[in-house]
Each structure stands twice: as C-alpha cells, then as structure tokens.
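The following exercises are to be worked through with the sequence and the structure at hand. Each task is followed by a solution in steps.

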Amino acid sequence: MLYSYRGQVVIILQKRILFGSEIAEIKIPSSNEILEVSITELEPLPASIHIAEISLRAIAAKTQAQLLSQELLAPTASNILPLPHQILVLEKVMGSWPIRFLLADEVGMGKTIEAGLVLKELKLRGKVKRILILVPKTAMVQWQQELKQHFNETFEIIPTELLAQTQKLFSTSTNFNLFLYYPQAILSLDAIKPLDYRKGWSPEKIEEYNRARIKSVIEAGYDLVIIDECHKVGGSSTAVGRYKMAEELCNSATNVLLLSATPHRGKRDHFQRILQLLDPDAFIELPVPMEELQKYVVRTEKRKAIDYEGKPLFNKRIAKIITIQYDKKRHQLQKKLYQTVSDYIIKGIHRAEQDKNKPYGFLMLLFQRLLSSSTQALLESMQKRYLKLKTKMVQPLEDVVAPEELEELLVQGLINPDDESRLEANLENTAINAPTELEEIQKIIEQAEICLNNEIEAKTEVLLQLLKEQMHQENDYNLKFLIFTEFTATQKMLQRVLEQNGYATVIIHGGMDFAERVQVLKTFKEEAQILVSTDAAGESLNMQFAHIVINYDVPFNPMVLEQRIGRVDRIGQKHPVKAFNLLLENSAESRVYEIIETKLQAILEELGIDKTADVLDSTLAEKDIQDLYWTSLLDPKRMEQKEAAFLEEIKQKLLQYKSTENILPSTSPQEISTQRTDNIQQSPLPSWISHLTESYLLLKQIPYQTALEGIYVKGITEGTTKHYIFETHQSFNYPAAEVLHLQHPFIQRILKEFESWFYPTLPILKLPDADIPKGYFSLWQLIAQNHLEEKKEIVPLFFNPDFVNLPLSAEEIWKKLMTLFKKYPYTCLQLSEEDTHQQTTLQEIFSRSEELLYRHFQNLQRELQKNTQSHYWSSMKNFASQQKRIQKIGLEAVRQKRMQRLLEEKEAFEKEFEISSKITPRLKPLLLLQIQ
C-alpha cells in the first residue's frame, strides 16, 4: 500500500517500535529526503492513480527530452523570442571558449538581449556562476529589469554610495569584501574607476584607495564580466582611470562580453585598447586579418537585419530640415535680440583669444547655443551670470570641468541637465573686463524680457504648426511626438506653451532617477501626447510606440541625432520614422548643419556609405566641427573656403575608413536566417507547458477557466485570479497577462515534483476507446556522467504482452498519453496488486529495458568521452590564457595571489582529471504503465 505524508507520496523503508509508539522511516521521492515520523502521521493512498498524473509525467518527460536535443537552451528557457540576428550572435559567441567577445551591433539592435542570451546559456550549461555587469548609471535599473523579465535572472544593483560607506567602515587591512555577497551584480561604470584627484588627499592615499577598490572586485572571483557602452572605458590612453579599471577586471575574469555600437570612435589606438581588453596578445598592432577579428567581434548592421518573416527589421526613415525665418513684423524684437547677442558673443570670443582664456570662449559658445535654443533659456543663464558678476559671488569648485570635457559637451551639443548647472558654475569663473560685460549683459536681459512679453518665438510658432500638419497628414489627432532640447529652461517653456495649446505634455530630465523616468514614459505611452526630453534623460529609454521625433535644438554631431532618432527607430517600430530638425535661417547653426547634413550626405552617397551607420562618429572630429562653427560665427565670408577644406578632409577620412578603418566584421545577409526563429516559433514547448499546467491543476483539483489565449486561475503565483498565457510573443497582445514559460518558478516546480517514478506497482490503463495497443509502456531517463559533465537521454519503450519491443508504438503511445487527461479528465487508473506475478512482471520490464538501453548508453558514453577530452585541452588553453592575463594585473599582491591560486587550480585539475573523467551510468524510470 502507498502512503502520503503532508500531501506527498512517500515510501516506507522500515517500521519499528520506540517507547511504545510505532515509528516509520520514510523516503520522500520528490526530494530524496529521509525522515522518521509517527505511523499515525501517514495516510494511505487510494489504490488508483489519476490519469492527469499519467499525462503530466508524459508531458514533463517530453519537455525534458526536447531540451536535451537542443543545441541552444537560452532561447527556449527565456521569456522572449529572439530575432534571427540575435540567435546568430548567440551561436557565434557560444562557439568559442572562453567567451571573450565584443558585441558591436548598431544602435537599437538589442545588444542587451544578446548579452542576456549569452549569460543565460552559460548559466544553463553550468559554465558561469558569478557575473558582474558594468553599465552607465542611467541604465542600471533597465538592465536589472530586462534580465529579470526576459531571463528570470535576479541581479542586485550595488549603489556607489554603499561602496563608499563600506570603504569608510572597513579599512583596507580587514578581509571584508562587499562583492563576495553579490554573485550577480550590476555596478555603475564609474563606481570603481580610480581617482586621479581628491581635495586634501595625498597621492599615497589616493593610490591606496584605488588599490582597495579594484582589489575587492578582482578577489570576488567573477567568472563573467559584461561592460556595456565599452567605448566609454577606451579613454585617450591606457593611463585613463576607466581604462585601468576595465583592464584589471578583464584580465581577472575568464569570460568577458563588451558591448558598443561605436567601439572604434574614429581612433585606431582607442579601438585597439578596447580589443586588448579581450586579448592583449592578439591585438599588439592593427589592423589584424579579418578572420582573426571574427574570433572576437560580432556585428550586425540595421539594414541587414530581418524580422521573423524575413522582412527588413527597420522601417523607412524620413528626415527633414525646417528652416525658420524671422517675420519682419511678428519677430522684429527677436531678430534685434539675435543680433545683439551675436555681437556680444563675437566680442567675447575676441576677448578670449586676446587673453588666451579658452574657458571664456566656451562660455560664448554656450550662450550661442542658448540663443539658438530659446529666449527663455538665454535669459535665465544671462541673469545668473549678471548676478554672479555683480555680487562677485564666484566661488572655486571642487568638481572642476576639464577644458577637453567642456569642448566635447559644447561642440557636440551634449549639454544636459546633469551637466548644466555644473557647466555654468565653472564658466562663471571666467570674467574678463567685468564692468564692460555687465553693461552688455544688462542690455541683453532687458531685450530678452521685452521679447518674451511681446512676441511668440518663431521656433515655437513653427513647432505648433508642424504638430497640426502631422496630425492632419496622418489623420490621427492623438499622434504622439518626441521633442528633444538641450536645456531645461527651454524644456519647461515648451511644456508650458504646449499645455496652453491643449497638448498633454510630460518631460524627462536628468534630475530624475530611472524609476521616475520609466513612470513618465508610461504616462507618455498611455495618456500624454508629447514628451519633451533631453539627451541624457533619453538614454536607455525605448519609445517605439511613437514615430515622430522633433529636434527643437539640433546638435552638430550626427551621431547624437542618430541616438535621438534611435529612441523610436527600434525593434518593434511599426511605422516609418519621421525626424524634423528646426534651424534658424542664416544662423551659425544652420550654416554648419547644412554642410554636415546635406553636403556630407552627397559624399556618403558617392562613396556608398550608409549615413545611419556609425562611420560618421569615426570621422567627424570635434575640433573640425568647432573650427567650422567659429568660422561661421566670426567670419562668414571665409565659410565657403573653410567648407571646401572640411569636406575634402572628411572625404579622405571616409576613403581611409573604407580601406582601413572599416575592419569590424559585419554579419552577411546570408548568415541571417528565419530558420532559427522558425524552429523556436514552431517549438511545441508552449503547447506542452499549457498541457502540463492544465493536467497539474486538474490533478491538484485547482479550478481554472480557459480563455482565447491561456487560462485564468487563482493562486499559482499570488492570491488573486490572474490571466496566464503560454506563448511569449502573445505578451504584446496581452500586456497584463503573465507568461508561464519554461523558466517560470511554477513550471520548474512541477517538473521537479514529477521527475522520477516512485510507485512500487503498475497503473493499469484500460480505456475501451483510447485506441492504444496492449502491453507495457515505460519512460526512462538514461544518464552517463562523470565529475565534469553528464549526458542525458529520455527513451520510451513499449513491450507487447510477449515482451517484444515495438519502438514505433512506444513513440505513438507517448504522444497519446500527453493528452489523455483532456479526453478522460475524471478517470483514475487502478494500481495492480503487489503480488508475486506483478513483481516478476516489473523485473522483466527492468531487465529487458536495461538490455535495450545499453546501446543508448554507449552513444552517450562516446559523446561524453569526446567532450571530456575537449574539456581537458580547452582547460589547458584556458589556464595558459588566464596566466597571461594575470601577469598583466597591475597590483603586485593581487597578481601573485591570483597566480598562485591559478597554479594550484591547474595542478589539482590535472591530478583529478583521470579520476573525474571515469564515466558512471545511471538509469531511472519516469513512468511505468500496463495497458490492457
């Protein structure tokens, strides 16, 4: 007789009397736990088994068999349907060991998903356990959420503040290491970069501080390091703090994934440093043969990417320049203000040149950008400067913006709210001839105030007209618009004006944390019509539910524009993307933009180079753009000559790019196939998981209701009734539903609960209309294993009453058993009596099954032996590679400790290999059934 203990079937191993009470030693097969309990706590089970359990066991075994037959596990073990190019990336990366790759797909191609697939695959194969992800601060929460949502992987964010507090509490002499407590961690790129300077600290203290920070991460033993936006750690030399940090980490980790759409940045030495993070010895000099680079770099371009049906993944893009003219009557005051400010800026630039005061020149450039943005932005900045000069309240700052950083921010148009106040405060320390400047600023302030009180800005008028035109053109008066500006003052002004004109408007700025930005994005998607954003705030947010981008302020760098448009021109965009760039007629900005956007486009077309690629980021130098801008502003007559020289120089650079710099290996269209996604889309797993769930609910007598897609049931993951679906791609149509995928904890629990057969007798299947032949059906899990790896196979067997093996019948019966619960939902099968005949039958089934399965075991054994030898040589190669990397660790104590540990690991590995590689067979039944 069978018994249950607290709802679980148990096997009684022995009984005994203890102090007058009868005690049973029991085994719980689902957990292999052995307990001693009072016999009174055991409940006899009925002499039958629910047919739902038979179906459930058949489905669970079929699911496991499907997984065992797959080359890649991550796509089916994740809550996402990867695109063809993403599966190709996974195949290429997993084809090497150790994993040291640069994922260099273009912007918007889903590199985060690709990295998630790789780490999931590595974890499913047991190759990595500890993972560290370094990302820009603004993207930390997004990474955390996507890894949880799509891959069911929990990563903890380590706040920078916590690191600082920990370092204060625990001196470098203690052994406390915070990182040991975070096996899967996300960290800001700057959280552990070395300090170059801190007020009041000696060089020795800074060095000690830096050593302690990086040492703790290295000693935490992360076996996979992922660096997002890795071009940000490339630096201008190997001495830059971020690069030193990345170099130490990559040298210490076995597996490294670097992510960047723009890894070379137009500088060969920069690209070389990035590649040396992967393998310092392979990239001593560039270029290297393409076949060598392909071992480390994988890249897919947007124009080559396809969707699940083989169609181009990205829609057509329409870009248009809208030139704004000042009307003689309506914009008279604005035109006068523009001239006054331009005169002030030109004088200021000349002052800066005479006094060799570069920051003051940058200040003038900032004011020019403010003037082009909005009168409101100009006024607020002028008022701040006037107050500072008037009261002489200028104070030196600890957080100084370096001149080269100023140049990058101002020339590229990358000013954002995170930098704005810091930028202005630094520049306000650059007074030259303050009394004269005070008079000029006061005049500008007065004119700006009069403008704001008496005229509507020309750019704002054009913007409002453009919104109406687009809504009318697309016949959609709820059409959504994404507007970009560089300054918070302009952003607030636009929000006010747009709301006054009846548009529901939200804003995102750098002062918001990621959670706040996500909430605003949700409001934009569901309620608001317009989002006004800055460049910094727009990072890491995907908005493909909108398709119109308006650049109220136009940056000079085309890649900044590309990144803005990339917020909507992403995977999942269903409409052609429109981008409108607003420029004042005959302004310095319009003259420069005309050259970069229009005339440069002609050169690109002539050379056959795609403008949306990152080639421009590699060829347009900030200094070249700055020189153009200065010429446009100070000496427009020389603009034609300067323009010709600029375009000729760029053309030569582009020619060089085609011949030498374009060394990134690009995936060919022939490699990207829908067959990979077809195999996943046509996978029977979702259907099987649906059957698995329903049979389990029926077995446990949990009521549920079927729906057009999925089921409604109470109590699976929470106490309320919820909609559950089984097809990942259906989550787009049912956003409120929860996907029950293979990695879902509920499904994993079912598979674990029914992974072995523990009934000591045979259920008897006797269904007159089931169309199943008589005999004995069984499912077996066969395992060949050593200490390094195991190989599994699930095999169905069917013997007729005379114990003749019928393999075709075994497969057919297996399929039918999977859906029997639907046809006979309330049927229970009788369990055969535990008599001598029954035991003889079971012994015969086991004996004949073992004979038949020996051939299967031999195949598994050969495969395992081959893998074991491959593992040995791969491990030797890996030890040699690690040894080289460890030799490059800059901290001597850490280097020696890691080297000693590595040599000990290698010696232990070689000693244990022969013993560990000995193969042991295991065989266990998953289902036994007598069919009458």
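**Exercise 1.** Determine the handedness of the crossing of H11 and H13, and state which residues make the contact.

*Solution.* In this predicted model, the crossing of H11 and H13 is left-handed. The contact involves Leu337, Val341 and Tyr344 on the side of H11, and Thr375, Leu378, Met382 and Arg385 on the side of H13. By class, the residues of this contact comprise 5 nonpolar, 1 polar and 1 charged. As to geometry, helix H11 (residues 332-355) and helix H13 (residues 375-391) pack at an angle of about 45 degrees, and their axes are 13 Å apart. Angles under 35 degrees would count as roughly parallel, and those from 65 to 115 as roughly perpendicular. The two helices, H11 and H13, are therefore oblique to each other.

**Exercise 2.** Establish how many residues of helix H2 are buried and against which elements they pack.

*Solution.* Helix H2 spans residues 84-94, and 9 of its 11 residues are buried, so that the helix is mostly covered. The buried residues are Pro84, His85, Gln86, Ile87, Leu88, Val89, Leu90, Val93 and Met94. Their packing partners include two helices, H3 (111-124) and H26 (674-681). Strands S7 (100-103), S12 (255-259) and S13 (297-298) also pack against the buried residues of H2.

**Exercise 3.** Locate Phe19 and Gln701, and decide whether each is buried or exposed.

*Solution.* Most residues other than glycine have a negative phi. Phe19, however, has a positive phi, near 50 degrees. Phe19 is found in the loop between strand S2 (8-18) and strand S3 (21-28). With a relative accessible area of 81%, Phe19 is exposed. Gln701 likewise is not a glycine and has a positive phi, of about 60 degrees. Gln701 is placed in the loop between helix H27 (685-699) and strand S20 (704-706). Its relative accessibility of 72% makes Gln701 exposed, because the cut-off is over 50%.

**Exercise 4.** Describe the salt bridges of Glu526, Lys700 and Glu738, and give the setting of each.

*Solution.* Side chains of opposite charge can pair when their charged atoms come close. Across the whole structure, 18 salt bridges are found.

1. Glu526 pairs with Lys522, with the closest N and O atoms 3.2 Å apart. Both residues belong to helix H19 (residues 514-526), and because they are 4 residues apart, about one helical turn separates Glu526 from Lys522. Glu526 is exposed at 52% relative accessible area, while Lys522 is partly exposed at 42%.
2. Lys700 and Glu753 form a salt bridge through their side chains, at 3.3 Å from N to O. Lys700 lies in the loop between H27 and S20 and Glu753 in helix H28 (residues 745-753), so the pair ties together parts that are 53 residues apart in sequence. Lys700 is partly exposed, with a relative accessible area of 34%, and Glu753 is partly exposed at 26%.
3. Glu738 and Lys722 meet in a salt bridge of 2.7 Å, N to O. Glu738 is in strand S23 (residues 738-739) and Lys722 in strand S22 (residues 721-725), and the pair links parts of the chain 16 residues apart. Both Glu738 and Lys722 are buried.

**Exercise 5.** State where His856 lies and which residues it touches.

*Solution.* His856 lies in helix H31 (residues 836-886). Its relative accessible area is 16%, so His856 is buried. Not counting residues up to four places away in sequence, His856 touches Leu782, Glu793 and Val795.

Methods. Residues are numbered from 1 along each chain as its sequence is written. This is a predicted model: local features need pLDDT of at least 70, side-chain atom pairs count only at pLDDT 80 or more; totals for chains, interfaces and linings use all residues. Side-chain values use heavy atoms; hydrogens and water are left out. Buried means under 20% relative accessible area, exposed over 50%, partly exposed in between (1.4 Å probe, protein chains only). Contact means heavy atoms within 4.5 Å. Axes are lines fitted to C-alpha atoms, for helices over the stretch in contact, and angles run from 0 to 180 degrees between N-to-C directions. Angles under 35 degrees count as roughly parallel, over 145 as roughly antiparallel, 65 to 115 as roughly perpendicular and the rest as oblique. A crossing is left-handed if the near helix is turned anticlockwise from the far one by less than a right angle, and right-handed if clockwise. Ala, Val, Leu, Ile, Met, Phe, Trp, Tyr, Cys and Pro count as nonpolar, Asp, Glu, Lys and Arg as charged, and the others, Gly among them, as polar. A salt bridge is a side-chain nitrogen of Lys or Arg within 4 Å of a carboxyl oxygen of Asp or Glu.
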